[in-house]
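Biologist: I have a model open on my screen and would love a close look at a single part of it. Could you take one helix and walk me through its surroundings?

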Amino acid sequence: MRVTMFGTGYVGLVTGTCLAEVGNDIYCVDVDAQKIAGLERGEMPIFEPGLTELVAANHAGGRLHFTTDAAQGIAHGQIVFIAVGTPPDEDGSADLRHVLTVARTIGQHIDRYTVIVNKSTVPVGTADRVREAIAAELSARGAKVEFDVVSNPEFLKEGDAVKDCMRPDRIVVGSDSPRAVELLKALYAPFNRNHERIVLMDVRSSELTKYAANAMLATKISFMNEMANIAERVGADIELVRHGIGSDPRIGYSFIYPGAGYGGSCFPKDVQALERIARSHDYEARLLDAVEAVNLKQKEKLFELLTRHFAGALRGKTVALWGLAFKPNTDDMREAPSRRLLEQLWSAGAKAQAFDPEALAEARRIYGERVDLTLCENAYAALEGADVLVVMTEWKAFWSPDFARIKSTLRTPVIFDGRNIYEPSTVEAAGIAYYGIGRGRSVQRSNRALR
Ligand SMILES: NC(=O)c1ccc[n+]([C@@H]2O[C@H](COP(=O)([O-])OP(=O)(O)OC[C@H]3O[C@@H](n4cnc5c(N)ncnc54)[C@H](O)[C@@H]3O)[C@@H](O)[C@H]2O)c1
């Protein structure tokens with residue numbers, strides 16, 4: 001099938017590439033000329049495991065094209081996807097500027113029946129606005145062209161995006177047009193062979209499904225962080241509590257890790273946007289407010305522990321950071337907890353020495369050259385001359401470090417484990433003080449004695 005993808009970010013580039021991989025002919029359109037030129041040369045704008053090889057193979061195979069020419073893209077596609085960014089507006093609601101710009105451009109150029117598929121995460125009712133924007137452009141040029149607007153939210157996870165796209169656990173399609181649904185069923189058939197994954201519904205339910213999914217996941221994280229904060233105060237170990245509740249199949253083990261708060265381009269903005277959607281329909285979403293408030297506070301947790309450890313005297317201290325990306329296997333630092341910690345360290349007069357396996361270039365792009373941030377080429381270089389170590393992102397490479405080397409390199413051997421990846425007794429046995437999230441130290445000692 002001939003498909004056009006507007007937006008070559010995490011969603012558009014991965015989806016376009018996976019659709020090409022199963023044999024479709026794809027045009028990826030982006031306004032960022034540098035990104036398109038880089039892709040033409042085989043340079044990836046993002047780090048995503050497995051993506052480079054797949055893009056190269058499909059580009060070389062003539063199934064994956066990159067262009068900044070929107071008209072060319074629209075002339076190509078029977079199906080045109082909108083996968084552009086929907087960043088938070090000033091008041092936290094989703095900014096639909098890019099989505100509506102693409103809609104108008106489509107209206108200016110379509111000349112035959114086209115299915116427009118909205119993949120961006122957008123407030124309920126956006127499909128109607130996209131339809132109106134296209135219709136207005138068609139009527140301005142006196143053209144009569146049939147089209148359908150479908151909602152098809154994306155559920156891929158950064159770091160696993162290619163895998164998620166090739167083997168989706170569900171494909172939500174919101175449409176009331178049998179003609180559009182048939183085309184999408186045909187497009188997604190190769191991803192649907194094992195069992196039926198398409199969940200068909202009306203457009204508004206589909207738009208809300210995406211927000212509901214992200215809000216649910218964010219709620220699980222904030223819930224666990226709240227439990228961790230209670231555990232710390234009552235002298236319990238949240239990691240034992242986690243195992244205790246995860247074993248209940250109604251709760252499950254996934255997504256109940258306490259930590260330094262959630263970040264990324266989706267959860268923070270989507271929870272806020274859903275809360276604003278509810279408010280604009282005269283409903284106060286108290287749970288969503290709380291999920292966001294708990295998360296904002298949690299992003300300050302490591303700074304709180306550092307301040308406590310140094311009795312407030314952070315000026316002149318150097319903090320080694322392992323991990324900058326908002327989660328492992330990505331270079332994405334949007335809303336990353338590391339950014340909040342860096343801001344807090346800098347305003348307290350401390351310096352940071354950071355290492356991340358993939359996000360160093362992104363950190364350089366965000367912060368440029370500054371005297372209070374040194375970006376290091378490997379994890380141990382970040383420890384040289386540092387007072388303490390903070391683990392921000394649970395990259396696999398950090399899970400079994402050389403504790404003896406950490407101890408001998410740090411000025412004062414202390415680890416602040418923002419993701420609870422270490423066993424406190426192992427760290428302490430190596431002569432290093434340990435702080436985790438929601439893990440009372442005296443409690444750990446008594447638990448150790450029991451084992
Ligand atoms: N990143 C994720 O993990 C993820 C997962 C699910 C859903 N989403 C949603 O998908 C959407 C895209 O997210 P992303 O992370 O891929 O964004 P991104 O910022 O990585 O990419 C967006 C791209 O759109 C391009 N763009 C902007 N205006 C354009 C226009 N008029 N024409 C063509 N291209 C244009 C930008 O240049 C950019 O390359 C968002 O709504 C997001 O909430 C993201």
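**A helix and its neighbours**

Modeller: Happy to! Let's take α9 and start with its crossing with α11, which is left-handed. Please keep in mind that this is a predicted model. Helix α11 covers residues 267-280, and its axis and that of α9 come within 9 Å and cross at roughly 115°. On the α9 side, the residues that meet α11 are Leu208, Lys210, Tyr211, Asn214, Ala215, Leu217, Ala218 and Ile221. Across from them, α11 brings Phe267, Asp270, Val271, Ala273, Leu274 and Ile277. By class, the residues of this contact are eleven nonpolar, one polar and two charged.

Now for the other partner, helix α10, which runs over residues 238-246. The axes of α9 and α10 come within 9 Å, with a crossing angle of roughly 130°. That angle makes α9 oblique to α10. This crossing is right-handed, whereas the one with α11 is left-handed. Here Met224, Met227, Ala228 and Ala231 of α9 meet Ile238, Arg242 and Ile245 of α10. Six of the residues in this contact are nonpolar, none is polar and one is charged.

Next, the spaces beside the helix. Searching the whole structure turns up two cavities of 30 Å³ or more. The largest cavity has a volume of about 50 Å³, and α9 (residues 203-234) gives the most to its lining, with three residues. The full lining consists of Asn118, Ser120, Thr121, Val122, Ser151, Pro153, Ser206, Glu207 and Lys210. Lys210 is worth a second glance on your screen: this residue lines the cavity and is also among the α9 residues that meet α11. Sorted by class, the cavity lining has two nonpolar, five polar and two charged residues.

Helix α9 also takes part in a pocket, the second largest, which holds about 150 Å³ of space. Its lining is made up of Glu226, Asn229, Arg233, Val294, Lys297, Gln298, Lys301 and Glu304. Three helices each supply at least two of these residues: α9, α12 (286-298) and α13 (301-309). The class count for the pocket lining is one nonpolar, two polar and five charged.

To put the picture together, α9 meets α11 through residues including Leu208 and Ile221, and α10 through residues including Met224 and Ala231. The helix also helps to line the largest cavity and the second largest pocket.

Key: Residues numbered from 1 in each chain as written. Predicted model: local features only at pLDDT ≥ 70, side-chain atom pairs only at ≥ 80, totals over all residues. Heavy atoms only, no water. 1 Å grid on protein atoms, 1.4 Å probe; cavity = no way out; pocket = protein on both sides within 12 Å on 5 of 7 lines; lining within 4 Å. Points joined across faces, edges and corners; volume = space filled by probe spheres on them. Helix = DSSP H or I, 4+ residues; strand = E, 2+ residues; numbered from the N terminus. Nonpolar A, V, L, I, M, F, W, Y, C, P; charged D, E, K, R; others polar. Axes fitted to C-alpha atoms, helices over the stretch in contact; angles between N-to-C directions. Parallel < 35°, antiparallel > 145°, perpendicular 65-115°, else oblique. Left-handed = near helix turned anticlockwise from the far one by under 90°. Contact = heavy atoms within 4.5 Å.
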